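Biologist: I should like to take a close look at a single part of this protein and then move outward from there. Please keep to what the coordinates support.

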Amino acid sequence: MAASWSSAEDGSGSGWVEARKWCRHLSSALSGVDLSEIPKPDTVCNFCQHPTENWLCLSCKEVLCGRFVNGHMLLHHSHHPSHSLALSFSDLSVWCFSCDSYLDAPLIPPLRPLYQLAYLLKFGEDPPLPPLPPPSPSPSPSPSPSPSQV
Ligand SMILES: [Zn+2]
Ligand SMILES: [Zn+2]
Ligand SMILES: [Zn+2]
């Protein structure tokens, strides 16, 4: 039988948006892409040759400038709506255009090697990666090592 997902994760009205740990565009945007080789972080925009603030489209590995330059990555997404994910070459954050949200790349298994590689290309060293969260969330038992009050 068809499972009907009623997700209620949208719509928190607070101004600060936390980076997502997952998004449903990951598999489609990354399908068939070999991200073991990516352009260098100092690659210029494919359209206007702007040297900084560029983004890497994770679906086709095109390098395009951000919305505060000439917006060529935004334009690219409007032409190719399935190309949802882009990596910022300025701060190595990953943005999902479809979710309008940042993704926490170091904590997302399909994006982690990409983040590692981009970091290595940019800084010449391995990133200080946080440990991956356990695959299945388990309720943490309340720690009570030394009950001082009885
Ligand atoms: Zn551009
Ligand atoms: Zn693309
Ligand atoms: Zn998404």
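In which strand does Ser101 lie? Please then describe the surroundings of Ser101, the site of the zinc ion (ligand 2) and helix H3.

Modeller: The model is predicted, and what follows should be read accordingly. Ser101 lies in strand E5, which comprises residues 101-103. Because its relative accessibility is 3%, under the 20% limit, Ser101 counts as buried. Leaving aside residues up to four places away in sequence, Ser101 is in contact with Val17, Glu18 and Arg20, and also with Val94, Trp95 and Cys96.

The zinc ion (ligand 2) has four protein donors: SG of Cys57, SG of Cys60, NE2 of His76 and ND1 of His83, at 2.0 to 2.3 Å. The donor residues follow the spacing C-x2-C-x15-H-x6-H in sequence. The angles among the four donor atoms run from 104 to 116 degrees, and the site is tetrahedral. For four tetrahedral donors the ideal angle is 109.5 degrees. Of the donor residues, His76 and His83 are both buried.

Helix H3 covers residues 112-123; at 1.5 Å a residue its 12 residues should span 16 Å, and the end C-alpha atoms are indeed 16 Å apart, so the two values agree. Its buried residues are Arg112, Leu114, Tyr115, Ala118 and Tyr119. These cover an arc of only 155 degrees around the axis and therefore lie on the same side of H3. The partner against which the buried residues of H3 pack is strand E3 (85-88). Just after H3 comes Gly124, with a positive phi of about 75 degrees.

Conventions: Residues are numbered from 1 along each chain as its sequence is written. Chains are lettered from A and ligands numbered from 1 in the order in which they are written. This is a predicted model: local features need pLDDT of at least 70, side-chain atom pairs count only at pLDDT 80 or more; totals for chains, interfaces and linings use all residues. Side-chain values use heavy atoms; hydrogens and water are left out. Helices (H or I, at least four residues) and strands (E, at least two) are DSSP runs, numbered from the N terminus. Buried means under 20% relative accessible area, exposed over 50%, partly exposed in between (1.4 Å probe, protein chains only). Contact means heavy atoms within 4.5 Å. Donors are N, O and S atoms within 2.8 Å of the metal (3.2 Å for Na, K and Ca); water is not among the atoms, so sites may look incomplete. Four donors count as tetrahedral if all angles lie between 85 and 135 degrees; four count as square planar and six as octahedral if opposite donors are over 155 degrees apart and all others between 65 and 115; anything else is irregular. The expected span of a helix is 1.5 Å times one less than its number of residues. The arc is that of the directions from the helix axis to the C-beta atoms.
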